[in-house]
Amino acid sequence: MPTSTASTAHPAATGVPAASVARPAFGPRLRATMTQLASFGAIGAICFLIDLGVYNLLRATVLPDGPIAAKIVSAVIATVVAWLANRSITFRSQRQVGRKETLREGLLFAVTNVIGLGIAAACLFVSHYVLGFTSTLADNVAGNGVGLVLGTVFRFAAYKALVFRSTDAHAKEHAA
């Protein structure tokens, strides 16, 4: 009685395209990305509250006449917490190890955040100065609505593709 070798044969012999064999299934990758998005969003919400809380605490105590200094301090603290949390939770399987790699990752994280802030500021600039929507509501919609969403989308994509991108994770993804 002949035995079938289709299950152990080369992908071309089975009629299954090689690309579908070489890559992980779409479902698990989608679930992993959705889990990362949920974690990223939760960390972002917590860091937003940290930024807001530290800012208001500083304004109410040691920096009552220093709104800019208070904002810089609160943003730096929230950014450091975001980096540590995203590195430890959201992108833990993709992060790099070693002092040099961690420094590179931290620097890329900071640059990515500055670009994300620039995206939000650009949305506010276009709305306020180019389109002439100068009300407080319009400024908030442009900067804290549209700008925050676009900046967040950019940050997530950049964190995933550039910041938390170890060579091991990259090799594993292409070997699977």
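**Exercise 1. Placing Ala158**

Does Ala158 count as buried or exposed? Find its helix and its contacts as well.

*Solution.* The model is a predicted one.
- Step 1. Start with accessibility. Ala158 has 5% relative accessibility, so it counts as buried. The cut-off for buried is under 20%.
- Step 2. Locate the residue. Ala158 sits in helix H6.
- Step 3. List the contacts, leaving aside neighbours within four places in sequence. Ala158 is in contact with Thr112 and Val163.
- Step 4. Look across the sequence. Ala158 and Leu108 are 50 residues apart in sequence, yet 9.0 Å apart in space, C-alpha to C-alpha.

**Exercise 2. The overall fold**

Count the helices and strands of the protein chain, then describe how much of it is buried.

*Solution.*
- Step 1. The protein chain has seven helices and zero strands. From the N terminus on, the order reads α-α-α-α-α-α-α.
- Step 2. Of the 176 residues in the protein chain, 25% are buried.
- Step 3. Take the contacts between residues at least 6 apart in sequence. Of these, 63% join residues at least 24 apart.

**Exercise 3. Two helices against the ruler**

Compare the spans of H5 and H6 with the values for straight helices.

*Solution.*
- Step 1. Begin with H5. Its 32 residues should span 46 Å at 1.5 Å a residue. The end C-alpha atoms are 45 Å apart, which agrees.
- Step 2. Turn to H6, residues 136-163. A straight helix of 28 residues would span 40 Å. H6 spans only 35 Å between its end C-alpha atoms.
- Step 3. Look for a bend in H6. The helix bends by about 35° at Gly147. Gly147 is also one of the buried residues of H6.
- Step 4. Check what follows H5. Just after this helix, Gly132 takes a positive phi of about 80°.

**Exercise 4. Who packs against whom**

Name the packing partners of the buried residues in H4, H5 and H6.

*Solution.*
- Step 1. For H6, the buried residues include Ala138, Ala142, Arg155 and Tyr159. The buried residues of H6 pack against H3 (26-60), H4 (67-90) and H5 (99-130).
- Step 2. For H4, Ala78, Ala82, Trp83 and Arg87 are among the buried residues. The partners here are H3, H5 and H6.
- Step 3. For H5, the buried residues include Glu105, Phe109, Asn113 and His128. Their cover includes H4 and H6.
- Step 4. Add a residue of H5 that is not buried. Ala121 lies in this helix. It is partly exposed, with a relative accessible area of 42%. Its C-alpha is 8.6 Å from that of Ala142, 21 residues away in sequence.

**Exercise 5. Aromatic pairs**

Describe the pairs Phe91–Phe156 and Phe125–Tyr129.

*Solution.*
- Step 1. Choose the descriptors. A pair of aromatic rings is described by the distance of the centres and the angle of the planes.
- Step 2. Search the whole structure. There are nine aromatic pairs.
- Step 3. Take Phe91 and Phe156. Their centres are 5.9 Å apart, with 40° between the planes, and the pair is tilted. Phe91 lies in the loop between H4 and H5 and Phe156 in H6, so the pair ties together parts 65 residues apart in sequence. Both Phe91 and Phe156 are buried.
- Step 4. Take Phe125 and Tyr129. The ring centres are 5.3 Å apart and the planes lie at 40°, so this pair is tilted. The two residues are four apart in H5, about one helical turn. Phe125 is partly exposed at 48% relative accessible area. Tyr129 counts as exposed at 60% relative accessibility.
- Step 5. Find the cluster. Phe40, Phe91, Phe109, Phe156, Tyr159 and Phe164 form one aromatic cluster.
- Step 6. Add a charge over a ring. Lys71 lies over the face of Tyr55, at 5.9 Å from the ring centre.

**Exercise 6. The nonpolar core**

Which residues of the largest nonpolar core touch the most other members, and which helix gives the largest share?

*Solution.*
- Step 1. The core has 13 residues. Cys47, Phe91, Phe109, Tyr159, Val163 and Phe164 touch the most other members.
- Step 2. Sort by helix. H3, H4 and H6 each supply at least two residues of this core. H4 gives the largest share, four residues.
- Step 3. Follow Cys47. Not counting residues up to four places away in sequence, it touches Ala78, Val81 and Ala82.

Methods. Residues numbered from 1 in each chain as written. Predicted model: local features only at pLDDT ≥ 70, side-chain atom pairs only at ≥ 80, totals over all residues. Heavy atoms only, no water. Expected span 1.5 Å × (residues − 1). Bend = angle between axes of the 7 residues up to and from the residue. Buried < 20%, exposed > 50% of the residue type's maximum accessible area, 1.4 Å probe, protein only. Contact = heavy atoms within 4.5 Å. Phe/Tyr/Trp six-rings, centres within 6.5 Å; stacked < 30°, edge-to-face > 60°. Lys NZ or Arg CZ within 6 Å of the ring centre and 35° of its normal. Core = buried A, V, L, I, M, F, W, Y, C linked by side-chain atoms within 4.5 Å.
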